[in-house]
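Reader: I have a protein on my screen and would love some company while I look at it. Could you take me through one part of it closely, once we have a sense of the whole?

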Amino acid sequence: MQMYDLLQMIQSGEVNSRYFTKVNDQWNRFQEGREVDNSVVPQEYLDSWKRCRAYGLDPYDLTLSVVENPKQKEFFLNTVKKYEFYLQSVFEIFDLSDFLFKLQTRDGICQLLGQSTLTLMDCSEKNSGTTSSSIVLYEDKPAVIFQPFYYRQTYVRKNFGEIHGASAPIHNEKNELIGDVVLLYHYPELSLQAFHMVSLIAKIFDYLYWPLTFGHERQLEQIMNCLPQGIALGSKKETINFCNEKMVDLFEIRKKQNTGQGRKKSLPVFMKAQNDLYTFNHIKGKSPLIQKAKNTAEKIADTYVPVMIYGESGTGKEMFAQAIHNASSRSGGPFIAINCGAIPGELVESELFGYEEGAFTGASKGGKVGKIEAASGGTLFLDEIESMPLKDQIKLLRVLSTGKVQKIGSTKEVPVNVRLISATKTDLLQQADESLFREDLYYRISTFIVELPPLRERKEDIIFLAEEFIQRLEKRYSRSSIEMDWSFINALLSYKWRGNVRELEHAMEHAVIMLDKQSSLLLEHLPEKIQDYYLNNTTEEIVEEAMEHENKFGLLALAEQKMIERVLDSVDGNISAAAEQLGINRRTIYRKLQRKETLDS
C-alpha cells in the first residue's frame, strides 16, 4: 500500500474510526518490534517509522523541540520576510478559518503563521518524528497524515490535541526543494479538502510566485495556461479581468478584445455564474434501475420531505443528494455535507451541533457553528448515517422534531430550517433490531427512500459509462480517438465492480494512463485484479463448458479448443491478434482449427 492508495481510501470514505484503530494497532506492533501490515500502513509512513527508530527517537518523549539557535532563528525570519508577498496572498485568497497554516524549511525549522506567538520549532524528522512534513521533505510530493500515523503520538496529542495534517513541497527558481507548507486541522473529514488546498497553495508558489516576483508577466501567463486548475482574476463588479485557458473550458465565457491600444495585459471577461454541485444532467445511465431512481429523486426534489438514499459504496449517493438540492427551491441556499463514518465518535456532536467558547478543553476561541446551523435555509447531507453515535441520534431527532438546535455549552436553542438528506449502505432497520440505530429516527429521516442499484445489476450501463469516462480522460490527458478492444470490453462486463461506478472510473483512468502512445485499450491496460478476475472467470467457464460435452480427443483438448474460439470471437476472427493474446504462433492456431473440423466431421 502506498500513500496514493490512502488518498483513494479517503476519497471513497473508507478512512474512519475503524481504520484509525487498525493503524494504531500497527503502530503498537511496530513499537514492539513486530511486523507491520503494509495493507494498513502506507509504505512511506512505515519507512519514516523505521528512520525514526534508526535515529534513536523516543516515541514516548513529551518534550518540545524549541529552536534556540540565533542563526537558525534569523534564517527562518529572513525566509518569511523573503516570501512575505506570497504568504500574505495565501491568507487573502484562501479561507483558512478551519486550519492552522505552517511554513517549514528543508532543515525542519517551522512556525505557525498568522499566530501571535513567534516560537520556532525544530520539526525535522530526527526531532519530531513522522509528520506530513517529514514525508514531504523526504519524498518531495504532497502528503496527508492522521493522528495514528505520528511516530511521537503522545507528544503530539499532549501539545496539540487530536490533530491531522496535509503538506506540499515548495521549490526555488532552480526547482530545488526549500521546504513545505502545511495545513493542520482537528477534524479528519477535512483531510481531502486540506490536501487539495495545500497542494494548490504550493503550486501557486512554484508556478506563479517566482515569475511574478521577477516581472516575467508573459511567462506567467504561459504558465497559468498550462495549469490543470481554472484561474481567474476578478473585480467586485462581477467582472473577471483575466482567466487562463482552463477556466475558458470549464465555464461559458465571452471575451472582448480591447480596442485602441491593441491587446492589453488584462482582457475584460464576463462569466456566467454556475453552481459547482451536480445536477440530474450529470447522472448518466440507460438502465431501467438507474432511470427509476433518477425519476423518483426528481419528483421529490422540490419538496420538504426528508430523503434516505440507499446504495453501496461508489454508487453516487452524494451526487444524487446534490442533484436533489440543485433541483429544489433551496438551491440558492447552502449544501452542507458530512460523512458520519469519517469522524471519530466523540467529535460528531461538536461537528453537527457546534459549541460555545469554553464549552470544553480545547474549544476554539469564539466557539464554532455546527453543520446543522450552517445548513439552515439549504440542505444537510449526512452520509454513512449508520455510524452516528446513539447519543447524537437522540439530539438529531430533537432538532428534526422542534426545528431548533442547541450548541454544546449553551442554554439557548437556535431556530433552523434544514432539509435533511441521509445516505447509508446498510439495512438501518436491522441495525435498529440490534440496538445500533434508533428506529424512531429511521422513520423520521426516511419519508422517501431512493435506492441506487449496484453497477453489477446495470450491466447495460458499464460500457456507456466507460465511454463517458474516456471522453473526460481524453481532455484531461490531451488524447484523442481512444477505443476499447473486445478483450477490454469483455473484462469490464464480467467484473463484479465491488466499488461500483467509482471503481470503474478509477479503472478507466488507470487504463488510459497505461495506454501510453497506443490508441486501443487492451486487457493488459486494466488493473491486475480485473485482468486476473477476467482470465480466471473465463477459464472456469471454459472448463465447465468442456465438461458438459464428451469428446474423443479428451477434456483438455476440448477446453483448449473452447479457449481459442473465445479469443477469436473477442478479436473478430483476427488470427494474428488471437495468436498474440494466446502466446502461440499462427500455425498452431490453424492446426487447432483443422483438428476441430476433423472433430466435427
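Among contacts in the protein chain between residues at least 6 apart in sequence, what percentage join residues at least 24 apart? After that, please show me the open sheet of five strands.

Author: Happy to! Please keep in mind that this is a predicted model. To your opening question: 64% of the contacts between residues at least 6 apart in sequence link residues at least 24 apart. The protein chain has 601 residues, and 46% of them count as buried. Its secondary structure amounts to 25 helices and 21 strands. About 31600 Å² of the chain is exposed, with 50% of that supplied by carbon and sulfur atoms.

Now for the sheet. Its five strands run in the order S12-S15-S18-S11-S19, the sheet is open, and the pairing is parallel. At the edges you will find strand S12, residues 335-339, and strand S19, residues 448-451, each of which pairs on one side only. Between neighbouring strands of this sheet, the average turn is 20 degrees, with direction ignored.

Let's zoom in on the S12 edge. S12 pairs with strand S15, residues 379-383, in the parallel sense, and five bridges join the two. To find your place there, look for isoleucine 338, which stands opposite leucine 382 of S15.

For a contrasting stop, go to the surface, where Tyr477, Ile513 and Met514 form a nonpolar patch. Together these residues have about 290 Å² of accessible area. One of them, isoleucine 513, belongs to helix H21, which covers residues 500-515.

Technical notes:
Residues are numbered from 1 along each chain as its sequence is written. This is a predicted model: local features need pLDDT of at least 70, side-chain atom pairs count only at pLDDT 80 or more; totals for chains, interfaces and linings use all residues. Side-chain values use heavy atoms; hydrogens and water are left out. Patches are made of residues with over 30% relative accessible area and no salt bridge: like charges are joined within 9 Å, nonpolar side chains (Val, Leu, Ile, Met, Phe, Trp, Tyr) within 5 Å. Accessible areas come from the Shrake-Rupley method with a 1.4 Å probe; for residues, only the protein chains shown count as cover. A salt bridge is a side-chain nitrogen of Lys or Arg within 4 Å of a carboxyl oxygen of Asp or Glu. Helices (H or I, at least four residues) and strands (E, at least two) are DSSP runs, numbered from the N terminus. Two strands pair if DSSP finds at least two bridges between them. Axes are lines fitted to C-alpha atoms, for helices over the stretch in contact, and angles run from 0 to 180 degrees between N-to-C directions. Buried means under 20% relative accessible area, exposed over 50%, partly exposed in between (1.4 Å probe, protein chains only). Contact means heavy atoms within 4.5 Å.
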